[in-house]
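Visitor: I have a sequence and a model to go through before the afternoon. Could you take me through it?
Guide: Certainly; please put it on the screen.

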Amino acid sequence: MGFRCGLVGLPNVGKSTLFNALSVSQAEVANYPFTTIEPNRAVVAVPDDRLAELARLLLPEKVTPTQIRFVDIAGLVKGASRGEGLGNQFLGHIRDVQVVVHVLRCFEDPDVAHVDGSVDPLRDAEVVRMELMLADLEILERRCEKPAKAAKAGTREAREELGRCKRFQERIVKGTGGLRQAFQDDEDERRAEEWGLLTHKPGILVANVDEKEWSNPTIVPRLKQGLGDEPMPLLTICGALEAEIARLDVEERQEFLDDLGIQESGLKKLIRVGYRLLGLITFYTTVGRELRAWSLPAGTSALDGAGKIHSDMARGFIRAEVIPFDAFVQSGSAAQARESGKMRLEGKDYVIADGDVITFRFSV
């Protein structure tokens, strides 16, 4: 699995339309708030040109790409942190994802009502950001109570825990840069995840435009200007175009994009940025007649990479036979790479590189 990606935003901003297009799914789309009550979910294969190239060389019986999970979460409204609208459900579902995609409406359509009566993506982004902040502050306020009492008795662990809570609160109140800027060590990140804090999750802003805004942008430039130094990446995606792309055969999609002068689809944009935010890389294995892609955090050792595939591989690890992707393609096969000296033998501490083609040798 690559990562879990949650689409969030106010009602009627086009989340479900975008979800349908990106996941080639069929979530209900309608012009009234809270169409999405239970979140729509879809597992999507990650487009991977390297995997396709390896498949052309090896002609395996089975090709398994890595995947991401899209979750289309119920529309949020002001007051969600206090349970307004479907707030509690919204916040509960968002805690389960790794990357939060804030979908912002950047199109005018008199037939599609906006919950606040007008199109203003900057205002909408602030509503979502504020509700996540308020939800986290409420959690931290409760978390502070127990260590605050214990700290008076001089307990070191309680003082550390109280300090962590206060540090997190201060960072959230500042409202810029995200909670991660308050992290001092891995324990901070572990606690933020354990406590279900939302503002530490990496986020992506998506300007959801129609074809008119796509060809002649007027709303998106104002949004970019208003965001200023916002560190969260902003992507512009046209849901209507993505829906057309989704209906095409895989072979026809790039030709369609080339005709429109678009370098990559919205799906590829989201995946590329999501991988960068989470620090993920991809490596490949060939076992029997299956070619498979695996995603994992950069810096992962060969031992841990083997364990991702199967615990027996990690328990009986002997060595990793590693061929960089470019060397594999130049050689044409693992056997030829071995003969030409392009295969390396690595131990359990080897740090897997993006694009490595690896055969794990093990004995249980």
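Visitor: Which residues of α5 are buried?
Guide: In this predicted model, the buried residues of α5 are Ala158, Glu161, Leu162, Arg164, Cys165, Phe168, Gln169, Arg171 and Ile172.

Visitor: And what covers them?
Guide: The cover over the buried residues of α5 includes α4 (121-151) and α6 (186-194).

Visitor: How many residues does α5 have, and how far does it reach?
Guide: Helix α5 runs over residues 156-174, which is 19 residues. From first C-alpha to last it reaches 27 Å, close to the 27 Å expected at 1.5 Å a residue.

Visitor: What follows α5?
Guide: Gly175 follows α5, and its phi is positive, near 75°.

Visitor: Back to Cys165. Is that residue buried or exposed?
Guide: Cys165 is buried, at a relative accessible area of 0%. Cys106 also counts as buried, with 0% relative accessibility.

Visitor: Why is Cys165 not bonded to Cys144?
Guide: The closest cysteine sulfur to that of Cys165 is in Cys144, but it is 3.9 Å away, so the pair is too far apart for a bond. The cut-off for a disulfide is sulfur atoms within 2.5 Å, and by this rule the count comes to 0 disulfides.

Visitor: Different topic: what is the average pLDDT of the protein?
Guide: The average pLDDT is 85, and 89% of the residues score at least 70.

Visitor: Where does pLDDT stay under 50?
Guide: One such stretch is residues 25-37, for which the model has 34 contacts beyond four places in sequence. Residues 83-87 also stay under 50, and there the model has 11 such contacts.

Key
Residues are numbered from 1 along each chain as its sequence is written. This is a predicted model: local features need pLDDT of at least 70, side-chain atom pairs count only at pLDDT 80 or more; totals for chains, interfaces and linings use all residues. Side-chain values use heavy atoms; hydrogens and water are left out. Helices (H or I, at least four residues) and strands (E, at least two) are DSSP runs, numbered from the N terminus. The expected span of a helix is 1.5 Å times one less than its number of residues. Buried means under 20% relative accessible area, exposed over 50%, partly exposed in between (1.4 Å probe, protein chains only). Contact means heavy atoms within 4.5 Å. pLDDT is the predictor's confidence in each residue, from 0 to 100.
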